[in-house]
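Subject: Handing over a structure, with notes

Dear colleague,

I am passing on the structure below, and after it you will find my notes on what was found. Please read them with the structure open beside you.

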Amino acid sequence: MTDESAVLIEGPWRHRSVSAGGTRFHVVEQGDGPLVLLVHGFPEFWWSWHRQLESLAAAGYRAAAVDLRGYGGSDKPPRGYDLVTLAGDVAGLVRSLGEANATVIGHDWGGLLAWTMGVYYPKVVQRLVAVSAAHPLRLGHSLLTDVRGQGWAVRHALGFQLPIAPEKRLVKNDAVLVGELLDEWSGPGWPDERSARLYRSAFQIPGVAHCALEYHRWTIRSLLRPDGIRYAGRMRAPIRVPVLHLHGALDRCVLPRSAQGSGRYVEAPYRWKLIEGAGHFPHEERPDTFDQELIGWLADPEPDR
């Protein structure tokens, strides 16, 4: 096991502890200007955005990367791992950081939260960037209609439904499974040795493995429960803020064909872009290409469809 100091990585950024809705979050900030909130996915932590902290700051933005509830240096409460509560966490963070709204960029689970915020907290989201994340309803449709494709790609989520055993598997042998998942879902040449080491270490912080799996458990178990049915119904509402949708062409976790078509839920300018040569982690695998697309879109006062 490791402790939370594993995520206090030094750099040109500053580490902060920020409270939102009674929960303490570890936030890493760099730059000044309009707020851009960066939300990581599974099985990572704020470090997944370290390249974007620097590039966004250089482009004139205040970039803030957060450890989600249950991850890294943030609180790890026993409950609250449904998408509505998690989206509320991020909306509360924007306000706690002193802003009325922000551009929200989310990868993987962070992307699902960004889509959710676009519906539940539209006034807090100025613009939305989804990375390797289909709209939740589009993903659900893909799971039902493409069982051998998208269904097989997320088979790990079904294995995570078991109690206790999945947590033990994830941290066993110095969290080697975390490294294997990163390798399986990425394109050639990533993760490098340092990235894999950091993510494997961070996953061994007490409580992280269990909390991370609670995200997956709620998603599956809520499908036929009232809370999940209410969520799906609410998510049919159109998103009315500009959306940039970035996806790795080689993604084997959320297949590009599963994410394509998410624009049907957007009634504002929507831009879809495949990043060639990248898998599930395009912001880490192809950071220069990713940042060029992102910063160009952010600078565009009227992003086209």
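I begin with the second largest pocket, where the residues of the lining divide into five nonpolar, two polar and four charged. Please keep in mind throughout that this is a predicted model. The volume of this second largest pocket is about 180 Å³, and the residues that line it are A153, R155, H156, G159, F160, R169, L177, E180, L181, E184 and W185. Helix α7, which covers residues 165–185, and helix α6 each supply at least two residues of that lining, and the largest share, six residues, comes from α7.

The largest pocket holds about 950 Å³ of space. Its lining is made up of 35 residues, and those that lie nearest its centre are L139, G140, L143, T219 and L223. By class, this lining has 24 nonpolar, 10 polar and one charged residues. Several helices take part, since at least two lining residues are supplied by each of α3, α4 (136–145), α5 (147–153), α6 (155–159), α9 (208–221) and α10 (226–234). Among these, α4 gives the most to the lining of the largest pocket, namely seven residues. Helix α6 is thus named for the largest pocket and also for the second largest one.

Next comes the sheet. Eight strands form an open sheet with mixed pairing, and their order is β1-β2-β4-β3-β5-β6-β7-β8. At its edges are β1 (14–20) and β8 (270–275), each of which pairs on one side only, and from one strand to the next the twist averages 25°. If you would like one pair to look at in detail, take strand β6 (residues 125–131) and strand β7 (residues 243–248), which run parallel and are joined by four bridges; within this pair, V131 has L246 in β7 as its bridge partner.

Two helices lie across strands of this sheet. Helix α2, residues 83–96, lies across β1, β2 (23–30), β3 (35–39), β4 (62–66) and β5 (102–107), and its direction is at about 115° to β1. Helix α3, residues 109–120, lies across β3, β5, β6, β7 and β8, and runs at about 140° to β5. Helix α3 is also one of the helices that supply at least two residues to the lining of the largest pocket.

Finally, two aspartates may be worth finding in the viewer. D89 lies in helix α2, and because its relative accessibility is 7%, below the 20% cut-off, D89 counts as buried. Apart from neighbours within four places in sequence, D89 is in contact with A20, F25 and R69.

D251, for its part, lies in the loop between β7 and α11 (256–259). Is D251 buried or exposed? With a relative accessible area of 3%, which is under 20%, D251 is therefore buried. Residues up to four places away in sequence aside, D251 touches S132, W185, P256, A278, G279 and H280. Of these contacts, W185 is also one of the residues that line the second largest pocket. A153, another residue of that lining, is 98 residues from D251 along the chain, and the C-alpha atoms of the two are separated by 9.6 Å.

With best wishes

Methods: Residues numbered from 1 in each chain as written. Predicted model: local features only at pLDDT ≥ 70, side-chain atom pairs only at ≥ 80, totals over all residues. Heavy atoms only, no water. Pairing = 2+ DSSP bridges. Axes fitted to C-alpha atoms, helices over the stretch in contact; angles between N-to-C directions. Contact = heavy atoms within 4.5 Å. 1 Å grid on protein atoms, 1.4 Å probe; cavity = no way out; pocket = protein on both sides within 12 Å on 5 of 7 lines; lining within 4 Å. Points joined across faces, edges and corners; volume = space filled by probe spheres on them. Nonpolar A, V, L, I, M, F, W, Y, C, P; charged D, E, K, R; others polar. Buried < 20%, exposed > 50% of the residue type's maximum accessible area, 1.4 Å probe, protein only.
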